[in-house]
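User: Could you walk me through the disulfides of this model? I would like to go through them with a few short questions.

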Amino acid sequence: VRCDGAAGPALIGLEVQTPTGPASGTIEADDPYDTLARLQNTGCLARSVDRIATFSLPDRLRTEGAGEAQRAWIDIAVRPTGEGDDSLSIAQVLGTTLLSAEGALNWAFTAEITASDPPTTIELPVRPARCDQHAGAEDKRGTIIPLEITTSDGWSGLYELRSGQQLKDDLFAYFTERCGLG
């Protein structure tokens, strides 16, 4: 992706063999669903965020209690790069098909983070978004945590944090225990 504002329409280069010999040319990509623009924004947002701070999900889920009374937190480590004065704003953290905030669909978490800030942790109390076997069995993206972010250089959108295998396993075990599905 090009994030310098110089990106124009997506062009496809063609090289073909015809009965009269080789031919080449370019055509503009047809993009009726704005997929290329979305991918461009996602890539540039990720580059911008990564210049400001690193966000890391924990290896393991923090829990207390047991059974349907069990409670859990995802602790997101935020490590600003220390380089420059660029900043980002987190407008909220969105719930997923598998996980929600305690008492709401999304986490009403807001923050301003500058590259020169000290490291911090975002503590998200989680609960299952719903408690049916189908939710856990068919889940594809429920352990990917989306943060709604805007950066000081103008990029905005969803910045996704992907869970590692141990955290995924912990989240599914928590879902099963809290929902009484075990």
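User: Is Cys-44 buried or exposed?

Analyst: Happy to help! First, this is a predicted model, in which local features need pLDDT of at least 70, side-chain atom pairs count only at pLDDT 80 or more, and totals for chains, interfaces and linings use all residues. Residues are numbered from 1 along each chain as its sequence is written, and side-chain values use heavy atoms, with hydrogens and water left out. Buried means under 20% relative accessible area, exposed over 50%, and partly exposed in between (1.4 Å probe, protein chains only). With 1% relative accessibility, Cys-44 is buried.

User: Which residue does Cys-44 pair with?

Analyst: A disulfide is a pair of cysteine sulfur atoms within 2.5 Å. For Cys-44 the S to S distance is 2.0 Å, and the partner is Cys-3.

User: Which handedness does the link of Cys-3 and Cys-44 have?

Analyst: Here the angle about the S-S bond decides. That angle is -95 degrees, making the link of Cys-3 and Cys-44 left-handed.

User: Which residue is joined to Cys-131?

Analyst: The sulfurs are 2.0 Å apart in this second pair, and the partner of Cys-131 is Cys-179.

User: Is Cys-179 buried or exposed?

Analyst: Its partner Cys-131 is partly exposed at 44% relative accessibility. Cys-179 has 11%, so the label is buried.

User: What is the pairing of the bonded cysteines in sequence order?

Analyst: Searching the whole structure gives two disulfides. With the bonded cysteines of the chain numbered in sequence order, the pairing reads 1-2, 3-4.
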